[in-house]
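Visitor: I am new to this structure and should like to be guided through it. May I put my questions one at a time?

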Amino acid sequence: MSDAAVVAEYRGSRRRWAFLAAALAIAVLPYVLTGNYWHTNLTVCAINVLLALGLDFILGYAGQLNLGQSAFYGLGAYVSTLLITRLGIPFWGAFAAGVAFAGLSGVFLALFAVRLRGHYLAIASLGFAVIVHQVLLNWISLTQGPLGIYAIPPPPPIAIPGLPEISFRDPVALFYLIAGFALLVYVLLDQLVRSPIGETLTAIREDEISAASLGINAAAWKVFAFGIGAAVGGAAGCFYAPFVGTLVPDAFFITESFSILAMVIVGGMGTLIGPVFGAILLTLLPELLRGIGDLRLVVYGLALTLVVLFLPGGLAQAWRLVRAKLTGAPVSAR
Amino acid sequence: MTATIVAQQAINGIVLGSLYVLVALGLTLIYGVLVQINFAHADFVTFGAFAAYFFMHLLGGNYLASIAVALAVGALLGWAINLTIFAPLRHKGSELLPLIATIGVSTIMQNGMLAWFGPIPYAFETPYSQRVFRVAGTFFTAQSLIIIAVSTLTIALLYAFMKFTFLGKALRAVAQDRETAGLMGINPSYLIMLTIVLSSALAGMAGAMLAPVLVLTPFAGTTVIVKAFAIVIIGGFGNVEGTILAGLLVGLIESFTTQYFDPGLIDIVVFALLLLMLAFRPTGLISERREENV
């Protein structure tokens, strides 16, 4: 076996252990942090992790500043909920449709936006988010506008013969479902970004012209990245609706895009693990700081600004610096 | 009758549009010189509005003086954001980091104002809103005359400054080519500071005049800024004439959509126009150089 293969196998086995540890952590957490309050927080964390992973794939890997993640989130939530409440479609069918619809709208936006870069893309995606929010608010016959949709049922129970039925009215079961799905998405994205596809996206992010000279069709890959990232955001929305039980358009206002952006940046864009911790930190930090009342969200802004100014690689960079200090090894680039 | 309605809505649209122009001009100036976007620009508008409100209600100041106060407060905020965000990040040469940092500043300012001023809308009334003139069946308030006069004067002064003064010429030189301008003995750091201060002063001032029109809450600026972004792109980023044209256009779209359709459709119409512009004419209404981003 060559050295490279040995290293790859070592890393692969380390990855498998890490995923196992993550699965264990998910299993144990609801019993460490008990009570409805913490179970709610944990589930919010899992939803935000999904949102951050979706945006990170577009922003961190494909390098596209997407300020429209709130729109994909909202589309997933509304499409799946309306299919369930209006047409009586079963949850998982509606879930698939919601994810597909969000993904396709990501593709649609990207088709508009592939010729744009940087600031233009930021504004175009922001504009898309404004339009989606306004449509949700004003298409009252469909969405009930600002009044919202109420009494959204939880996902149907899973009955496995010989085992007790798993009901998602139980907050712990719902947390397992959403966190388990987030872990699955993480594993799939991890495979994707380490595959040649991930390398292609990175090449486009670093230098689009050089990538094009290697025969890479940058536009097509950006559309692909938008589709994947938007679909993941849509999945978060499909879970959000039955978790909260009500849907109002203002949950998907553009400021939600900024919160998701903060999670990705604080965690460290362009790594997958960073945004996971960014999402968890920024979800729990305001909760821990509840005493300061309305100033809670100031923490989001402060974290975002300070990280950009002093630690642009976020938590991931901080971790690499600490590890380098401890082991004396040089800091790796990524 | 219909002609009167059309004339009346045209007047309303131009009054509103000229305020949008003030806000959007600031964004476009900053983009022209720095190639950066200040997301907190909206909150400078809101903060200007609150400054004017408290100047009138706590200190018993005059409304016209409060516009000047808002202008000064805006300028101060601009100076501060340049010092803390734009200047330190300029040397990192990233396109996206300053934008993301200003999103952070915007979040801080909005929620800081929320904690400070509360979520309940403030009633911003000026003595000039009640005084109404009637000309050929259409109505003007003294307030709208003030808005048109002040914004026209400001835009004219800004234009003259850019065209005829040395500093203005230096600003345009930096906008065209920062490095060469530096070689000619122009200090880009100073001019960048000046641009941001000027732009933010415009935002603060616009806030004092928008406040009676808007629902004055800590989030008031957000509704304006999304339109201002649309205006800046429709007009062509960094293009002053295009921005003025697009600002008035968006004001007119808003007043006519309210009259003939539904106020809920305003943002949808404006942003559909934005996406269409991006798809088919990304250089804006009036084409110029600067195509590296599209």
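Visitor: Is A:D190 buried, partly exposed or exposed?

Guide: The model shown here is predicted. A residue counts as buried under 20% relative accessible area. For A:D190 the relative accessible area is 4%, so the residue falls in the class called buried.

Visitor: With which residue does A:D190 form a salt bridge of 2.8 Å, N to O?

Guide: A salt bridge requires a side-chain nitrogen of Lys or Arg within 4 Å of a carboxyl oxygen of Asp or Glu. The N to O distance of 2.8 Å satisfies this, and the partner of A:D190 is A:R15.

Visitor: How many residues apart in sequence are the parts that this pair, A:D190 and A:R15, ties together?

Guide: A:D190 belongs to helix α7 of chain A, residues 171–194. A:R15 belongs to helix α1 of chain A, residues 3–32. The pair therefore ties together parts whose separation in sequence is 175 residues.

Visitor: Is A:R15 buried, partly exposed or exposed?

Guide: Partly exposed residues lie between the limits of 20% and 50% relative accessible area. A:R15 has a relative accessibility of 28%, and therefore counts as partly exposed.

Visitor: By about how much of the helix are A:D190 and A:R194 separated?

Guide: The side chains of A:D190 and A:R194 also meet in a salt bridge, at 3.3 Å from N to O. Both residues lie in helix α7 of chain A, four residues apart. Their separation is therefore about one helical turn.

Visitor: Where in chain B do the salt-bridge partners B:K227 and B:E254 lie, and how many residues apart are they?

Guide: The closest N and O atoms of B:K227 and B:E254 are 3.4 Å apart, and the two residues form a salt bridge. B:K227 is in helix α9 of chain B (residues 220–235) and B:E254 is in helix α10 of chain B, so that distant parts of the chain are linked across 27 residues.

Visitor: Is B:E254 buried or exposed?

Guide: The limit for a buried residue is under 20% relative accessible area. Its partner B:K227 is buried at 8%. B:E254 has 13% relative accessibility and therefore counts as buried.

Visitor: Which three residues supply 61% of the area that domain 1 of chain A buries against domain 2 of chain A?

Guide: Chain A is divided into domain 1, residues 1–32, and domain 2, residues 35–327. Nine residues of domain 1 of chain A are in contact with eleven residues of domain 2 of chain A. Between them the two domains bury about 890 Å², with 73% of it on carbon and sulfur atoms. The three residues of domain 1 that supply 61% of its buried area, more than any other three, are A:F19, A:I26 and A:P30.

Visitor: How many salt bridges are counted between chain A and chain B?

Guide: The contact involves 37 residues from chain A and 45 residues from chain B. About 3,800 Å² is buried between the chains, 78% of it on carbon and sulfur atoms. In chain A, the residues that lose the most area to chain B are A:H119, A:Y120 and A:I123, together 21% of what that side buries. The count of salt bridges between chain A and chain B is zero.

Visitor: Which residues of chain B are in contact with A:L65?

Guide: A:L65 is placed in the loop between α2 (36–61) and α3 (69–87) of chain A. With a relative accessible area of 2%, A:L65 is buried. Beyond its neighbours within four places in sequence, the contacts of A:L65 include A:L59, A:L121 and A:L261. Those from chain B are B:L96 and B:L99.

Visitor: About how much accessible area do B:V6, B:Y260, B:F261, B:L265 and B:V269 have together?

Guide: One of these residues, B:Y260, is found in helix α10 of chain B, residues 240–260. A patch is made of residues with over 30% relative accessible area. B:Y260, at 42%, is partly exposed. The five named residues form a nonpolar patch on the surface, and their accessible area together is about 450 Å².

How values were computed:
Residues are numbered from 1 along each chain as its sequence is written. Chains are lettered from A and ligands numbered from 1 in the order in which they are written. This is a predicted model: local features need pLDDT of at least 70, side-chain atom pairs count only at pLDDT 80 or more; totals for chains, interfaces and linings use all residues. Side-chain values use heavy atoms; hydrogens and water are left out. Patches are made of residues with over 30% relative accessible area and no salt bridge: like charges are joined within 9 Å, nonpolar side chains (Val, Leu, Ile, Met, Phe, Trp, Tyr) within 5 Å. Accessible areas come from the Shrake-Rupley method with a 1.4 Å probe; for residues, only the protein chains shown count as cover. Helices (H or I, at least four residues) and strands (E, at least two) are DSSP runs, numbered from the N terminus. Buried means under 20% relative accessible area, exposed over 50%, partly exposed in between (1.4 Å probe, protein chains only). Domain bounds come from an automatic or database domain assignment. Contact means heavy atoms within 4.5 Å. Buried area is the accessible area (1.4 Å probe) that two parts lose on being put together, summed over both.
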